[in-house]
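Open the model in a viewer with the sequence panel beside it. The stops below go from one residue to the sheet, and then out to the loops and side chains.

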Amino acid sequence: MCGIFGATSSSQFSFKKKFIKELVNRSESRGSDSSGIILATKDSCEIHRADYKISYLYKTLPKKQTNVILGHSRLTTNGNLDNQPIYKDDVVV
């Protein structure tokens, strides 16, 4: 099982908003073994991954403005070697 969520906006917003925290919490019920969050603007993309609950990962991120937040929570079924999001050659999936 996995939880996937995201939010986008043409203008920057704080990803620490209440509705984002609710998405994080709901996603966690779908998997709590590993997690990933992407924060992106037109100029940058930050990828954060962890082998623990997404709510813990979310708390470690600094407050900042973003245009895109994508998150993933995962229930481990085949090990932790493929924690997401996956990125290669400037492509994030």
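A residue is called buried when its relative accessible area is under 20%, exposed when it is over 50%, and partly exposed in between. Keep in mind throughout that this is a predicted model.

**Stop 1: Asn-67.** Select Asn-67, which belongs to strand E4, residues 65-74. Is Asn-67 buried or exposed? Its relative accessibility is 12%, so Asn-67 counts as buried. Now show what surrounds the residue. Leaving aside residues up to four places away in sequence, Asn-67 touches a run from Ala-7 through Thr-8, Ser-9, Ser-10, Ser-11 and Gln-12 to Phe-13, and also Ala-40, Thr-41 and Lys-42.

**Stop 2: the whole chain.** Zoom out and colour by secondary structure. The protein chain has two helices and six strands, and along the sequence they follow the pattern β-α-β-β-α-β-β-β. Of the 93 residues, 35% are buried. The accessible surface comes to about 5,900 Å², with 51% of it belonging to carbon and sulfur atoms. Among contacts between residues at least 6 apart in sequence, 69% join residues at least 24 apart.

**Stop 3: the sheet.** Select E1, E4, E2 and E3. In that order, these four strands form an open sheet with antiparallel pairing. Which strands stand at the edges? They are E1, residues 2-14, and E3; each has a single partner strand, so one side of each is left without a neighbour in the sheet. From one strand to the next, the twist averages 10 degrees. Next add helix H1, residues 18-28, which packs on the sheet and touches E1 and E4. The direction of H1 makes about 170 degrees with that of E1.

**Stop 4: the hairpin.** Keep E2 and E3 and hide the rest. E2 covers residues 34-40 and E3 residues 45-50; the two pair in the antiparallel sense over six bridges. They form a hairpin, with four residues between the strands. Two of the bridges can be picked out by residue: Ala-40 has Cys-45 as its bridge partner in E3, and Leu-39 has Glu-46. Ala-40 was also one of the residues touched by Asn-67 at the start of the tour.

**Stop 5: the cysteines.** Select Cys-45 again, together with Cys-2. How many disulfides does the structure hold? The count is zero. Cys-45 has a relative accessible area of 43% and is therefore partly exposed. Cys-2 is likewise partly exposed, at 35%.

**Stop 6: the loop after E3.** Move on to Asp-51, placed in the loop between E3 and helix H2, residues 54-60. With a relative accessible area of 48%, Asp-51 is partly exposed. Draw a distance from its C-alpha atom to that of Ser-35: the separation is 6.4 Å, although the two residues are 16 apart along the chain.

**Stop 7: two tyrosines.** A pair of aromatic rings is described by the distance of the centres and the angle of the planes. The structure holds one aromatic pair. Select Tyr-52 and Tyr-56, which form this pair: their ring centres are 6.5 Å apart and the planes make 45 degrees, a tilted arrangement. How accessible is each ring's residue? Tyr-52 is partly exposed, with a relative accessible area of 37%, and Tyr-56 is partly exposed as well, at 45%.

Technical notes. Residues are numbered from 1 along each chain as its sequence is written. This is a predicted model: local features need pLDDT of at least 70, side-chain atom pairs count only at pLDDT 80 or more; totals for chains, interfaces and linings use all residues. Side-chain values use heavy atoms; hydrogens and water are left out. Buried means under 20% relative accessible area, exposed over 50%, partly exposed in between (1.4 Å probe, protein chains only). Contact means heavy atoms within 4.5 Å. Accessible areas come from the Shrake-Rupley method with a 1.4 Å probe; for residues, only the protein chains shown count as cover. Rings of Phe, Tyr and Trp (its six-membered ring) pair if their centres lie within 6.5 Å; planes under 30 degrees apart count as stacked, over 60 as edge-to-face and the rest as tilted. A disulfide is a pair of cysteine sulfur atoms within 2.5 Å. Two strands pair if DSSP finds at least two bridges between them. Axes are lines fitted to C-alpha atoms, for helices over the stretch in contact, and angles run from 0 to 180 degrees between N-to-C directions.
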